[in-house]
Amino acid sequence: MKLYGYRSDDLGVDGVEPNELSEMTLVATAAELRLIAKFLASTAELMEQTCVLFEHEHLSDTLSEFESSPQFVVANAQHYSC
């Protein structure tokens, strides 16, 4: 597993590349964590069903509660290692 991210002041700037992170802190409520856990479980199932064809999934595209949150993206390691 790898973690990548952007600084909030870099968003919207063309040509900015994501940086590999050594640590990530998720500040959330218990209810938000439960929703994220369900999202991760369903995304894992989708990834297993579609194998390497699965590229990535955005939390905010799946759950409207996170539309105004920072982007949370799950990417398939097998897809990106090809």
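This passage describes the overall fold, the nonpolar core and the surroundings of one buried serine in a predicted model.

The secondary structure of the protein consists of three helices and four strands. Read from the N terminus, these elements follow the order β-β-α-β-α-β-α. Among contacts with a separation of 6 or more, 35% link residues 24 or more positions apart. Of the 82 residues of the protein, 15% are classed as buried. The surface that the protein exposes comes to about 6,600 Å², and 54% of this is supplied by carbon and sulfur atoms.

A good place to begin a tour of the interior is the nonpolar core. In soluble globular proteins, nonpolar side chains tend to be buried together. Here, the largest such core has seven residues, namely Ile36, Phe39, Leu59, Leu63, Phe66, Phe72 and Val74. Within this set, Phe39 offers a helpful viewpoint: leaving aside residues up to four places away in sequence, Phe39 touches Glu57, His58, Leu59, Thr62, Leu63, Phe72 and Val74.

Attention now turns to a polar residue, Ser60, which lies in helix H2, spanning residues 59-62. Ser60 counts as buried because its relative accessibility is 15%, and the cut-off for buried is under 20%. When residues up to four places away in sequence are set aside, Ser60 touches Phe66, Glu67 and Gln71. Of these partners, Phe66 is also a member of the largest nonpolar core, while the side chain of Gln71 is joined to that of Ser60 by a polar contact of 3.4 Å.

Notes. Residues are numbered from 1 along each chain as its sequence is written. This is a predicted model: local features need pLDDT of at least 70, side-chain atom pairs count only at pLDDT 80 or more; totals for chains, interfaces and linings use all residues. Side-chain values use heavy atoms; hydrogens and water are left out. A nonpolar core is a set of buried Ala, Val, Leu, Ile, Met, Phe, Trp, Tyr and Cys residues joined through side-chain atoms within 4.5 Å. Buried means under 20% relative accessible area, exposed over 50%, partly exposed in between (1.4 Å probe, protein chains only). Contact means heavy atoms within 4.5 Å. Helices (H or I, at least four residues) and strands (E, at least two) are DSSP runs, numbered from the N terminus. Accessible areas come from the Shrake-Rupley method with a 1.4 Å probe; for residues, only the protein chains shown count as cover. A polar contact is a pair of N or O atoms within 3.5 Å; within protein, one must be able to donate a hydrogen and the other to accept it, and residues adjacent in sequence count only if both atoms are side-chain atoms.
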